[in-house]
Amino acid sequence: MANQGIEISLAGKVALITGAARGLGAEIAATFSRAGAAVMIADILDDQGRQTAAAIQANGGRAAFIRQDVTREADWETAVAETVRQLGGLDIVVNNAGIEICALVENTELKDFQRILDINVTGVFLGLKAACKAMKPGGAAGRGGAIINLSSVAGLRGFSGLSAYCGSKGAVKLLTKAAAVEFGFMNYGIRVNSIHPGLIPTDMGNAVLKGFVAAGLGKDAATVQQAFERGTPLGMKGAPSDIAKAALFLASDQSPWVTGAELVVDGGTTAT
Ligand SMILES: NC(=O)c1ccc[n+]([C@@H]2O[C@H](COP(=O)([O-])OP(=O)(O)OC[C@H]3O[C@@H](n4cnc5c(N)ncnc54)[C@H](O)[C@@H]3O)[C@@H](O)[C@H]2O)c1
């Protein structure tokens with residue numbers, strides 16, 4: 001019998017990915033490109049963002065870079081307009097840009113709490129708004145599509161030392177569901193889902209391990225890593241590619257009836 005496996009394709013689609021200069025965003029961009037999408041790399045890191053776009057082009061993909069601070073509405077309008085102008089449409093938006101801070105509640109500065117909400121929550125809200133206006137029928141792109149928001153396991157349960165981050169990622173989870181319900185009932189043809197990664201070794205993932213130690217929650221990074229290991233049924237083997245493959249499914253036409261869902265990719269951590 002012929003191979004009847006389903007290959008996930010994004011051929012003909014255009015994706016805008018925030019915070020895509022490095023880490024999970026860069027991996028999602030490279031994966032989407034291999035699946036056939038044109039990708040706009042958006043970030044505040046100019047040099048790294050340009051390098052990420054150039055690496056995708058060197059592999060034969062269509063990619064461009066735009067400087068975008070996700071907390072600025074004007075940057076969103078420009079990023080969406082430039083994606084449509086340079087790459088010919090907008091079918092997928094990945095709200096991936098984010099930051100973390102690690103501190104006990106009593107030691108968390110108000111300005112740090114507000115900054116994490118600004119980037120992790122306001123940034124996603126502005127992304128939903130700009131993407132919806134462009135992707136809905138009659139919008140600048142106008143052919144519907146998929147929005148994927150990066151939440152976290154920290155948006156599903158509490159962690160000592162991560163109150164600000166947990167608060168922000170919990171908000172992303174419900175922003176996602178509200179937009180999914182609204183865009184669905186409005187017949188916009190736009191699906192909205194969240195991904196909830198466990199700890200993945202990126203700049204942020206590595207900073208979290210060090211942050212727990214600095215906050216007095218572990219003797220050293222190795223001890224913290226061991227604690228994560230004990231709480232993870234499949235072991236701490238998560239890689240950026242695990243998150244990119246989940247995003248690929250949610251971005252593609254293989255998930256046409258999936259909206260408002262929480263796709264947890266954490267080796268079983270939150271199932272314990
Ligand atoms: N790595 C993990 O363990 C992990 C786990 C769960 C969730 N996440 C989430 O996944 C997403 C990506 O994380 P990562 O590990 O790749 O982090 P990272 O720090 O490696 O990359 C984040 C990117 O976001 C960009 N960014 C930060 N502020 C920005 C702003 N105001 N405007 C535009 N871009 C901005 C950074 O420049 C950077 O390129 C984040 O939302 C994070 O919270 C990560």
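Met40 has Ala64 of strand E3 as its bridge partner. Strand E2 (residues 38-43) and E3 run parallel and are joined by five bridges. Two strands count as paired if DSSP finds at least two bridges between them. Helices (H or I, at least four residues) and strands (E, at least two) are DSSP runs, numbered from the N terminus.

This is a predicted model, in which local features need pLDDT of at least 70 and side-chain atom pairs count only at pLDDT 80 or more, while totals for chains, interfaces and linings use all residues. Residues are numbered from 1 along each chain as its sequence is written, and side-chain values use heavy atoms, with hydrogens and water left out.

**The sheet and its helices**

E2 and E3 belong to an open sheet of seven strands. The order is E3-E2-E1-E4-E5-E6-E7, with parallel pairing. Strand E3 (63-67) and strand E7 (262-265) are the edge strands, and each pairs on one side only. On average, neighbouring strands of this sheet are turned by 20° against each other, direction ignored.

Helix H1 (residues 23-34) packs on the sheet. H1 touches strand E1 (14-18), E2, strand E4 (92-95), strand E5 (145-150) and strand E6 (190-197). Its direction makes about 170° with that of E1. Helix H5 (residues 163-185) also packs on the sheet, touching E5, E6 and E7. The direction of H5 makes about 160° with that of E6. Contact here means heavy atoms within 4.5 Å. Axes are lines fitted to C-alpha atoms, for helices over the stretch in contact, and angles run from 0 to 180 degrees between N-to-C directions.

**Three residues**

Burial follows relative accessible area: buried is under 20%, exposed over 50%, partly exposed in between (1.4 Å probe, protein chains only).

| Residue | Location | Relative accessible area |
|---|---|---|
| Ser252 | loop between helix H8 (240-251) and E7 | 1%, buried |
| Ala178 | helix H5 | 45%, partly exposed |
| Asn187 | loop between H5 and E6 | 64%, exposed |

Ser252 touches Ile8, Ser9, Leu10 and Arg191, not counting residues up to four places away in sequence. Asn187 is not a glycine, yet has a positive phi of about 55°. The C-alpha atoms of Ala178 and Glu27 are separated by 27 Å. These two residues lie 151 residues apart along the chain.

**Pocket and cavity**

Both searches use a 1 Å grid over the protein atoms alone. A cavity is a set of points where a 1.4 Å probe fits but cannot get out; a pocket is an open set with protein on both sides within 12 Å along at least five of seven lines. Lining residues have an atom within 4 Å of a point. Points are joined across faces, edges and corners, and a volume is the space filled by probe spheres set on them.

The second largest pocket holds about 260 Å³ of space. Its lining includes Arg157, Phe159, Phe212 and Thr272. Helix H7 (residues 221-230) gives the largest share of this lining, three residues. By class, the pocket lining has six nonpolar, four polar and one charged residues. Ala, Val, Leu, Ile, Met, Phe, Trp, Tyr, Cys and Pro count as nonpolar, Asp, Glu, Lys and Arg as charged, and the others, Gly among them, as polar.

The whole structure has one cavity of 30 Å³ or more. About 30 Å³ of space lies in the largest cavity. Thr18, Val70, Asn95, Asn96, Ala97, Ile119, Gly123 and Val124 line the largest cavity. Helix H4 (residues 110-135) supplies the largest share, three residues. The cavity lining has four nonpolar, four polar and no charged residues.
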